[in-house]
Amino acid sequence: MSNEKTITLRINGKAAQATVPAHRTLLEALRGLGHVEVKCGCEKGDCGACAVLIDGTAVDSCLTLAWMAEGREITTVVGLGSGEAMHPLQQAFSDLGAAQCGYCIPGMIIAADSMLRQTPDPTEEEIRIGLSGNLCRCTGYVKIFDAVGEAAAVMRDGGETK
Ligand code: FES
Ligand code: FES
């Protein structure tokens, strides 16, 4: 007997259906639905590249089974903003040149957004702790932390958030 089940995921405000076996991770399901902005790194919870928001809190989608996210609000980095309507975090990362290869950046921005929802005026230490589950092998982190601090200031001043 097949253990596949058709589930409905709500991703960036839109419903999408996926037929998945019980062991399919949310990371695999999202990428299978074309959400390749969710990056696949270690697949064991070490790197944070696969982070998405579920109901506003960052989770590693590689450690989350797809069916567990049914009925919850999933937000990827694209759902925060893009193009001409960038989220303050995206704008700050762009302005400060906080990305090199860029592979870690979707997860960094998701983790930063989750942290700023809890701590809108973070110290540098709090930013470092908030992003401690996200690895970057290119930048040395300094510009990333600066970008998060700058975005936090913009958001406190009324910059648009979702
Ligand atoms: S791919 Fe999920 S934490 Fe690395
Ligand atoms: S910019 Fe390359 S891994 Fe972070």
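**Exercise 1. The buried residues of H4**

Task: In this predicted model, list the buried residues of H4, and state which elements cover them.

Solution:
- Step 1. Locate the helix: H4 spans residues 105-118 and has 14 residues.
- Step 2. Apply the cut-off: a residue is buried if 20 or more other C-beta atoms lie within 10 Å of its own.
- Step 3. Read off the buried residues of H4. They begin with the run Ile105, Pro106, Gly107, Met108, Ile109, Ile110, Ala111, Ala112, Asp113 and Ser114, and Leu116 completes the list.
- Step 4. Count them: 11 of the 14 residues are buried, and H4 is therefore mostly covered.
- Step 5. Find the cover. It includes the strands E3 and E4, together with the helices H2 (77-80), H3 (88-95), H5 (124-130) and H6 (142-156).

**Exercise 2. The span of H4**

Task: Compare the end-to-end reach of H4 with the span expected at 1.5 Å a residue.

Solution:
- Step 1. From its first C-alpha to its last, H4 reaches 20 Å.
- Step 2. The expected span is 1.5 Å times one less than the number of residues, which for H4 gives 20 Å.
- Step 3. The reach of H4 is close to the expected value.

**Exercise 3. The contact between the domains**

Task: Describe how domain 1 meets domain 2, and what the touching side of domain 1 is made of.

Solution:
- Step 1. Set the bounds. The domain assignment places domain 1 at 4-77 and domain 2 at 80-156.
- Step 2. The C-alpha centres of domain 1 and domain 2 are 21 Å apart.
- Step 3. Domain 1 puts 15 residues into the contact, and domain 2 puts in 14.
- Step 4. On the side of domain 1 that touches domain 2, strands E3 (51-54) and E4 (57-60) are the elements that give two or more residues. E3 gives the most, with three residues.
- Step 5. Sort this side of domain 1 by residue class: nine are nonpolar, four polar and two charged.

**Exercise 4. The overall fold**

Task: Give the order of the elements in the protein, and explain why it counts as compact for its length.

Solution:
- Step 1. The protein has six helices and five strands.
- Step 2. Starting at the N terminus, the order is β-β-α-β-β-β-α-α-α-α-α.
- Step 3. The radius of gyration of the protein is 16 Å, and the globule rule gives 15 Å for 162 residues. These values are close, so the protein is as compact as a globular protein of that length.
- Step 4. Along the principal axes, the C-alpha atoms fill a box of roughly 55 × 30 × 25 Å.
- Step 5. Of the 162 residues, 41% are buried.
- Step 6. Among contacts with a separation of 6 or more, 57% join residues 24 or more positions apart.

Conventions. Residues are numbered from 1 along each chain as its sequence is written. Chains are lettered from A and ligands numbered from 1 in the order in which they are written. This is a predicted model: local features need pLDDT of at least 70, side-chain atom pairs count only at pLDDT 80 or more; totals for chains, interfaces and linings use all residues. Domain bounds come from an automatic or database domain assignment. Two residues are in contact if their C-beta atoms, placed from the backbone, lie within 7 Å. Helices (H or I, at least four residues) and strands (E, at least two) are DSSP runs, numbered from the N terminus. Ala, Val, Leu, Ile, Met, Phe, Trp, Tyr, Cys and Pro count as nonpolar, Asp, Glu, Lys and Arg as charged, and the others, Gly among them, as polar. The radius of gyration is taken over C-alpha atoms; the globule rule is 2.2 Å times the number of residues to the power 0.38. A residue is buried if 20 or more other C-beta atoms lie within 10 Å of its own, exposed if 12 or fewer, and partly exposed in between; C-beta atoms are placed from the backbone.
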